[in-house]
Amino acid sequence: MRCAWATTPLGIAYHDKEWGVPVHDDRVLFEFLILEGAQAGLSWETILQKRENYRKAFAGFDPKKVSRFSSKKLQSLMRNEGIVRNRLKIQSARSNALAFLAVQEELGSFDAYIWRFKDAKAMSRDLLKWGFRFVGPTICYAFMQAVGIVNDHAKDCFRR
């Protein structure tokens, strides 16, 4: 058995190989942070369908490169049909990259920082203090599920 939400080939592959698997790689954590923010108000399936386009558009989710995106580059992303063309979400990628780098510089790694949280509201509040955007409690909880901080696989799911 697998979790009931995994019903499409893309969703099943994501569920079976990634969702809930503990992530400790800072680049992958940055990717999920950006993708979870992009997902706000949309289905995760939509984001999964656009994921490769996001990787291309956002420099492989390299926070150093994304932090250097110019306003012109961010504006050009508004014309990219392969991603969610929401101005605030696109702009938040750069500001989140800057905050991400600040966390790394001060604490050594984003991984060491983010894994200390067990509560989405506390994570959200702290991320906001660092200057992150699109990190409300709902987004933070989805992030925690995706990167394995919490295990929300169904009790009868083979991934639990």
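A residue counts as buried when its relative accessible area is under 20%. In this predicted model, F61 has a relative accessibility of 0%, so F61 is buried. Its place is in the loop between helix 3 and helix 4, the latter covering residues 63-67. The backbone of F61 is also notable. Its phi is near 60 degrees, a positive value in a residue other than glycine. Most residues other than glycine have a negative phi.

A second positive phi is found at F134, where the angle is near 55 degrees; F134, too, is not a glycine. F134 sits in the loop that links helix 8 (120-130) to helix 9 (137-146). Its relative accessible area is 26%, so F134 is partly exposed. F61, by contrast, is buried.

The overall fold is helical. The secondary structure consists of nine helices and zero strands. Along the sequence the pattern reads α-α-α-α-α-α-α-α-α. The radius of gyration is 15 Å, close to the 15 Å that the globule rule gives for 160 residues, so the protein is as compact as a globular protein of that length. The C-alpha trace spans about 50 × 35 × 25 Å along its principal axes.

Burial and contacts were examined for the whole protein. Of the 160 residues, 49% are buried. Contacts between residues at least 6 apart in sequence were also classed by separation. Among these, 62% join residues at least 24 apart. The exposed surface comes to about 8,200 Å². Carbon and sulfur atoms supply 53% of that area. The protein carries 26 positive and 17 negative side chains. The centres of the two sets lie 6 Å apart.

I47 offers a view of the packing around helix 3. This helix runs over residues 44-57 and includes I47. The relative accessibility of I47 is 0%, so the residue counts as buried. Neighbours within four places in sequence aside, I47 is in contact with L35, A38, Q39, L42 and V84. One of these partners, L35, is 12 residues away along the chain. The C-alpha atoms of I47 and L35 are separated by 6.9 Å.

S95 belongs to helix 6, which spans residues 87-107. At 18% relative accessibility, S95 falls under the 20% limit and therefore counts as buried. With neighbours within four places in sequence left aside, its contacts are G131 and R133.

The cysteines were searched for covalent links. A disulfide is a covalent bond between the sulfur atoms of two cysteines. The search of the whole structure finds zero disulfides. C157 is accordingly in no disulfide. The nearest cysteine sulfur to that of C157 belongs to C3, at 3.8 Å. A disulfide requires the two sulfur atoms to be within 2.5 Å, so the pair of C157 and C3 does not qualify. C157 has a relative accessible area of 6% and is therefore buried. C140 is buried as well, because its relative accessibility is 2%.

Conventions. Residues are numbered from 1 along each chain as its sequence is written. This is a predicted model: local features need pLDDT of at least 70, side-chain atom pairs count only at pLDDT 80 or more; totals for chains, interfaces and linings use all residues. Side-chain values use heavy atoms; hydrogens and water are left out. Helices (H or I, at least four residues) and strands (E, at least two) are DSSP runs, numbered from the N terminus. The radius of gyration is taken over C-alpha atoms; the globule rule is 2.2 Å times the number of residues to the power 0.38. Buried means under 20% relative accessible area, exposed over 50%, partly exposed in between (1.4 Å probe, protein chains only). Contact means heavy atoms within 4.5 Å. Accessible areas come from the Shrake-Rupley method with a 1.4 Å probe; for residues, only the protein chains shown count as cover. Lys and Arg count as positive and Asp and Glu as negative; His and the chain ends are not counted. The place of a charge is taken as NZ of Lys, CZ of Arg, CG of Asp or CD of Glu.
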